Amino acid sequence: MKYAFSFLAVIALILIAGLGSQIPGMQYLFGVVLPYLAIMLFVGGFVYRVMDWAKSPVPFSIPTTCGQGSSLDFIKQDKLECPTTTTEVAGRMFLEIFFFRSLFRNTKSEIHDGPKVTYESSKWLWLFALIFHYSFLVIVLRHMRFFLEPVPFVLSILEGVDSMLQIGQPAMYLTDVFILVGLLFLYGRRLITRHVKYISLNNDYFPLVLIFSIAVTGILMRYFLRTDIDIINIKNLAIGLVTFSPVIGAKIGAIFYIHLFLVCTLLAYFPFSKLMHMGGVFMSPTRNMANNSRSKRHINPWNDPEIKPHSYAGYEDEFREFMVDAGIPVEKELAAAEDKA
Ligand code: HEM
């Protein structure tokens, strides 16, 4: 059922946009009203989620470490696995965000006869996640040509590199193939790997199917249904949207409205979904804190000032007599403590 749901939901979205946009007068809804609503939900929701995280208490120093921490001079510290300064944290963060470093450490466990459990390195998830995310980024950057006039030079270079194999006419973009391959792997993994399948939910399948459909409708528009769309009208609409003076041209094509409606759904859904890991990775205390709890005292900023700290030494001073009476071992004997007093 959970696989069917994502497909049915996306098919319903495609039908709504495909049929709805063909009703006279509805183009304004699909081309202008819904994109504005979606972008407002995206920005508002994104800011809300990040602010909410920023406000949550971080009472303890909890960076994830997996290497030698800073210690005596002759013991070599692993600065990336166990950062102690802000610069080292920034270095680790950079590698995490641009190269998915912690995913690179991914392992897979298997049970063999015996029974015996084995763990081995598994880099496929890292590789295909990287392929998918970078293709998505390049596609979104290339799309900026619809919103900008004149098209910046860097975008033309990016397009040139992306279509360097010059296969077909219009030249095929490598990222169009890569994004589909990446998505198929990420989806297939959830279907084939038993334990990943077991924990997968609708909210894991839906974004994959949705993004896949966005890519497929885009590819259909560019390579197969070129005559169904009017790219000049689309560009006018896109520029109109960002300059707050949108105009709907005479012929735009149902496939474009489907593409745009799926993108709007993605934008509106984004802040309330797991896709928020895009913002969350920056807010994660396990990643953004330095492991310096031995050299720097961390005080919980939410501590109640009325509640004073009570050390063990202070506790023993208060209850030593009773502890001795009850036969509980004490660090300082009664006489010694009284002498000192
Ligand atoms: C999440 C955002 C989006 C994704 C992932 C996406 C994906 C794609 C993909 C994979 C293609 C195939 C060709 C290519 O790679 O350029 C495409 C084409 C296209 N997309 Fe998008 N798209 C997005 C947003 C938009 C938006 C907001 C518009 C509105 C202007 C748009 C309009 C188009 C058009 C007109 C084409 C055909 C391009 C051509 O003929 O060269 N897309 N899209």
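Select Asp176 and Tyr223 to begin. Their side chains are joined by a polar contact of 2.7 Å. Keep in mind that this is a predicted model. Asp176 sits in helix H7, residues 174–192. Its relative accessible area is 10%, so Asp176 is buried, the cut-off being under 20%. Now show the ligand as well. An N or O atom in the Asp176 side chain lies 2.5 Å from an oxygen atom of the ligand.

**The ligand shell**

Next, select the residues around the ligand. There are 22 of them. Arg142, His143, Asp176, Arg226 and His259 come nearest. Colour the shell by class: 14 residues are nonpolar, three are polar and five are charged. Then switch to cartoon. Which helices each supply at least two residues of this shell? They are H5, helix H9 (202–224), helix H10 (231–242) and H11.

Pick Arg142. One of its polar side-chain atoms is 2.7 Å from an oxygen atom of the ligand. Move on to His143. Here an N or O atom of the side chain is 2.8 Å from a nitrogen atom of the ligand.

**The iron atom**

Centre the view on the iron atom of the ligand. Which protein atoms are its donors? Select NE2 of His143 and NE2 of His259; they lie 2.0 Å from the iron atom. These two residues bring together distant parts of the chain. His143 belongs to helix H5 (residues 124–147) and His259 to helix H11 (residues 254–269), with their positions 116 residues apart.

Now display the six donor atoms around the iron atom and check the angles. They run from 87 to 178°, and therefore the arrangement is octahedral.

Are the two histidines buried or exposed? His143 counts as partly exposed because its relative accessibility is 27%. His259 has 11%, so it counts as buried.

**Along helix H5 and into the loops**

Stay on H5 and select Leu137, which is found in this helix. With 43% relative accessibility, Leu137 counts as partly exposed. Add Gly114 to the selection. It is 23 residues from Leu137 along the chain, and their C-alpha atoms are 46 Å apart.

Zoom in on Gly114. Its peptide bond to Pro115 is cis, with omega near -15°. Pro115 lies in the loop between strand E1 (107–112) and strand E2 (116–121).

Go to the loop between H5 and helix H6 (153–162), where Pro150 is found. A cis peptide bond joins Glu149 to Pro150, and omega there is about 0°.

**Two positive phi angles**

Select Phe100 in the loop between helix H3 (86–99) and helix H4 (101–104). Phe100 is not a glycine, yet its phi is positive, at about 50°. The residue is buried, with a relative accessible area of 16%.

Then jump to Gln166, in the loop between H6 and H7. Gln166 is also a non-glycine residue with a positive phi of about 50°. Its relative accessible area is 64%, which means that Gln166 is exposed.

**The N-terminal helix and the whole chain**

Select Ala4 in helix H1, residues 2–20. Ala4 counts as partly exposed, at 34% relative accessibility. Add Phe206, 202 residues away along the chain. The C-alpha atoms of Ala4 and Phe206 are separated by 9.8 Å.

Finally, zoom out. Colour domain 1 (2–309) and domain 2 (311–341). Place a marker at the C-alpha centre of each domain: 59 Å separate the centres of domain 1 and domain 2.

Technical notes. Residues numbered from 1 in each chain as written. Predicted model: local features only at pLDDT ≥ 70, side-chain atom pairs only at ≥ 80, totals over all residues. Heavy atoms only, no water. Donors = N, O, S within 2.8 Å, 3.2 Å for Na, K, Ca; no water. Tetrahedral: all angles 85-135°; square planar, octahedral: opposite > 155°, others 65-115°. Helix = DSSP H or I, 4+ residues; strand = E, 2+ residues; numbered from the N terminus. Buried < 20%, exposed > 50% of the residue type's maximum accessible area, 1.4 Å probe, protein only. Domains from an automatic or database assignment. Near = heavy atom within 4 Å. Polar contact = N/O pair within 3.5 Å; in protein donor to acceptor, adjacent residues only side chain to side chain. Nonpolar A, V, L, I, M, F, W, Y, C, P; charged D, E, K, R; others polar.
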